[in-house]
Amino acid sequence: MYNINYSYHWRTLQKVGILLTIISISGTLFLSCVYLFAMTSTKPSLFIESNSSYYDHNQKLISKTKLLQNRKTLKIADVPPIAINSILVSEDRNFFHHHGFDLKRMGSAILINITKGQYAQGGSTITQQLAKNLYLSQQKTLNRKLKEAYLTMRLESAYSKNKILEAYLNTIYFGHGIYGLETAANTFLGKETNELTIGESTFLLSIPANPSKYDPYVHFSSIKKRQQRILSALEQNKLINSKSVKNAIDETIKLKPIKHNSNSSFTSYFQQSVQKEITASIGQSINNNGSQIYTTFNPAIQKHIDQAFDQYIRPKPDLQASVVVLNSQTGEVLGMTGGREKGQFLFNRAIASKRQVGSTIKPILYYSALENGYTPSTRLQSKPTIFHFENGDSYSPKNSGNLYAHGSITLAKAIAVSDNIYAVKTQQAVGADEFIKAQKLFHLNTPNNKLPSMALGTQDASLLDMTRAYALIANNGKEVIPHFVKEIKTQTGKTLYKEKFDEKQRLDKDQTIILKQLMNGMFNTSFSSYLPVTGTSIIPELSKDYYGKTGTTKTDSWMIGFHSNLIVGVWVGYDHSKNLTVEESSLSKKVWASVMTNLLDKNIDTKLPNDLVKVAVDEKTGLLFKEGCGDKVSLYFRKGTQPTKPCMNKKINQKHKKENKDSKPWYSQYLL
């Protein structure tokens with residue numbers, strides 16, 4: 001029997017072997033536990049943020065949501081085989097044969113990097129790259145690599161290879177903020193992925209290896225060299241033939257210049273309103289799910305708004321203005337600005353700012369009056385008046401410039417020249433409750449206190465509120481709901497939301513048509529006398545029949561009006577209620593005229609209902625017009641309420657007065 005003496009080296013080797021075996025078994029057990037845990041854990045989400053697209057009223061792309069990534073997703077079925085094969089031969093040839101890790105490739109990459117003394121080649125599989133793209137940063141740390149390994153196992157255990165490959169194709173980075181093959185095809189070549197040729201596919205898929213080094217606009221020749229390597233690999237693997245390789249190399253690549261489709265006017269106040277409406281309508285934000293949002297935005301109309309703002313408002317430091325253009329038949333907001341600022345997350349004065357409405361409230365007051373027995377010929381005295389009330393209070397409204405008729409005027413004249421005395425008397429006649437009832441019909445917030453000054457617009461409202469109220473008049477009393485979104489579709493084309501029109505008759509149609517005609521008076525100089533009609537300064541710019549009303553306080557200037565179906569509302573003022581100069585007070589009309597006269601609105605039916613008649617009356621008395629009286633104006637009346645007596649000829653009237661004076665006895669002057 002022989003004694004075997006183990007050498008020191010052999011014992012050391014034996015210990016190392018045992019240690020390696022323990023480590024191997026422990027590692028295997030650990031990895032098995034991790035893999036088992038990954039398999040039983042909740043599925044990792046493959047949700048990929050994708051920019052939502054905004055379209056104008058003609059379905060033309062105008063903006064994308066401002067995510068950190070520009071991405072449009074696609075399905076694996078829409079990817080041509082050549083694109084898939086190009087990815088596989090360049091990034092992960094064993095993708096369909098491994099379980100997330102290509103150990104042979106990893107080992108080879110490690111040896112190459114050690115030999116060259118630097119990071120020269122990566123060994124990550126497509127699944128590993130997807131895990132990094134979806135959930136992790138780009139940092140090269142041990143902690144990140146461990147997380148990547150775990151997430152790779154989870155992805156492989158939860159999804160099919162095709163699903164992983166699809167997600168990968170939607171996350172790879174092409175530079176210029178472009179993620180995903182579909183967006184790259186759209187941006188660089190102006191094509192859909194399924195339209196790409198062999199040359200185009202291999203060219204595009206040469207970029208992700210190093211988007212800076214292979215920037216197509218800077219390093220075109222470098223991409224062509226990498227493309228040749230990919231084409232050679234495809235040929236070696238018998239995926240294409242040599243003729244296809246030659247054709248692909250020789251194919252001309254027509255790069256499109258990168259354009260950032262964005263309308264600065266849309267991406268400020270308008271887009272902000274669109275986003276708020278979406279959240280209110282469907283209860284969620286859709287900025288990052290690739291939705292297609294079709295808005296009411298009209299770039300041509302917005303251009304006119306911006307030009308008017310730049311001409312009249314912007315030269316005045318700190319002066320603010322808001323403008324709204326609304327379609328009275330659909331409720332679609334076609335253009336808007338909320339102030340002089342630009343950018344996002346702005347204070348929108350067209351919607352959020354509540355200001356004293358001034359005389360723009362008078363059409364609503366006079367609608368109430370028409371409903372309570374007034375006609376366009378109803379006459380009241382226009383003279384300095386003190387109103388006394390039961391509680392001992394008094395109120396002394398004044399006309400502009402302290403000018404009065406010192407006699408009777410008609411409702412038609414009162415609205416044309418914006419007589420304040422007539423308005424307050426009308427409110428007192430119909431009652432504050434009836435006036436408030438009318439304001440509710442027009443969707444306006446009613447004041448807390450029933451004061452006589454309501455007739456002059458001391459209550460507050462936003463420009464959009466007031467424009468909506470006037471749209472009811474333009475639409476002959478039918479309901480109008482302002483909105484900014486026409487339709488929303490999901491990434492797959494499913495309709496998520498669609499605009500609805502409410503055709504409900506909210507106001508009395510006949511009285512609304514009468515009121516509309518009265519609102520033409522501000523442009524009819526026949527009504528000018530002790531006060532000019534309020535539209536006098538802009539009449540030379542107008543070529544059609546327009547209907548509207550101005551409103552002026554010390555701090556606010558309004559002009560709202562229309563020709564047919566398009567309403568333009570304008571407010572001008574300062575944020576901190578600084579008093580306006582005379583010139584600044586006139587700017588709302590100038591902005592309105594500039595926008596209004598450039599609109600291509602459509603003519604609407606102007607046929608009078610059977611219950612109404614058009615009557616020529618004397619503008620001063622409201623009686624039937626007769627030659628020799630005052631100016632002739634045409635007004636609408638409900639049948640049976642029109643004047644039946646003719647006006648009296650001025651000369652005859654003067655003679656009649658003289659005869660009456662001469663017929664009095666000499667002593668009558670002394671009688672009380």
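The following dialogue considers how several features of this predicted model may be read.

Reader: How many helices and strands does the chain contain?

Author: The secondary structure of this predicted chain comes to 21 helices and 20 strands. The chain has 672 residues, and buried residues make up 49% of them.

Reader: What share of the contacts in the chain joins residues at least 24 apart in sequence?

Author: One considers contacts between residues at least 6 apart in sequence; of these, 69% join residues at least 24 apart.

Reader: In what order do the strands of the open sheet of five lie?

Author: A sheet is read from one edge to the other, following the pairing of its strands. Here the order is β7-β6-β18-β17-β16, and the pairing is antiparallel. Strands β7 (333-337) and β16 (547-552) form the edges, each pairing on one side only. From one strand to the next, the twist averages 5°.

Reader: How many bridges join β17 to β18?

Author: Strand β17 (residues 556-562) runs antiparallel to β18 (residues 566-573), and seven bridges join the two. As one instance, Phe562 has Ile567 of β18 as its bridge partner.

Reader: Which helix lies across β6 and β7?

Author: That helix is α12 (residues 299-312), which lies across β6 (320-327) and β7 and runs at about 25° to β7.

Reader: Why is helix α7 described as largely enclosed by the rest of the structure?

Author: The reasoning rests on burial, which here means under 20% relative accessible area. Helix α7 (residues 181-189) is largely enclosed because eight of its nine residues are buried. Among them are Leu181, Glu182, Thr183 and Phe188. After α7 comes Gly190, with a positive phi near 70°.

Reader: Which residues touch the most other members of the largest nonpolar core?

Author: The general idea is that, in soluble globular proteins, nonpolar side chains tend to be buried together. In this model, the largest nonpolar core has 82 residues, and Val274, Tyr366 and Phe442 touch the most other members. Helix α17 (residues 463-474) supplies the largest share of this core, nine residues. Another core lies apart from it; this one has 34 residues, including Ile126, Leu155, Tyr159 and Ile253.

Reader: With which residues is Val274 in contact, leaving aside its neighbours within four places in sequence?

Author: Val274 is then in contact with Tyr54, Phe266, Ile293, Thr295, Phe484 and Val485.

Reader: What part of the accessible surface belongs to carbon and sulfur atoms?

Author: Carbon and sulfur atoms account for 52% of the accessible surface of the chain, which comes to about 34300 Å².

How values were computed
Residues are numbered from 1 along each chain as its sequence is written. This is a predicted model: local features need pLDDT of at least 70, side-chain atom pairs count only at pLDDT 80 or more; totals for chains, interfaces and linings use all residues. Side-chain values use heavy atoms; hydrogens and water are left out. Two strands pair if DSSP finds at least two bridges between them. Helices (H or I, at least four residues) and strands (E, at least two) are DSSP runs, numbered from the N terminus. Axes are lines fitted to C-alpha atoms, for helices over the stretch in contact, and angles run from 0 to 180 degrees between N-to-C directions. Contact means heavy atoms within 4.5 Å. Buried means under 20% relative accessible area, exposed over 50%, partly exposed in between (1.4 Å probe, protein chains only). A nonpolar core is a set of buried Ala, Val, Leu, Ile, Met, Phe, Trp, Tyr and Cys residues joined through side-chain atoms within 4.5 Å. Accessible areas come from the Shrake-Rupley method with a 1.4 Å probe; for residues, only the protein chains shown count as cover.
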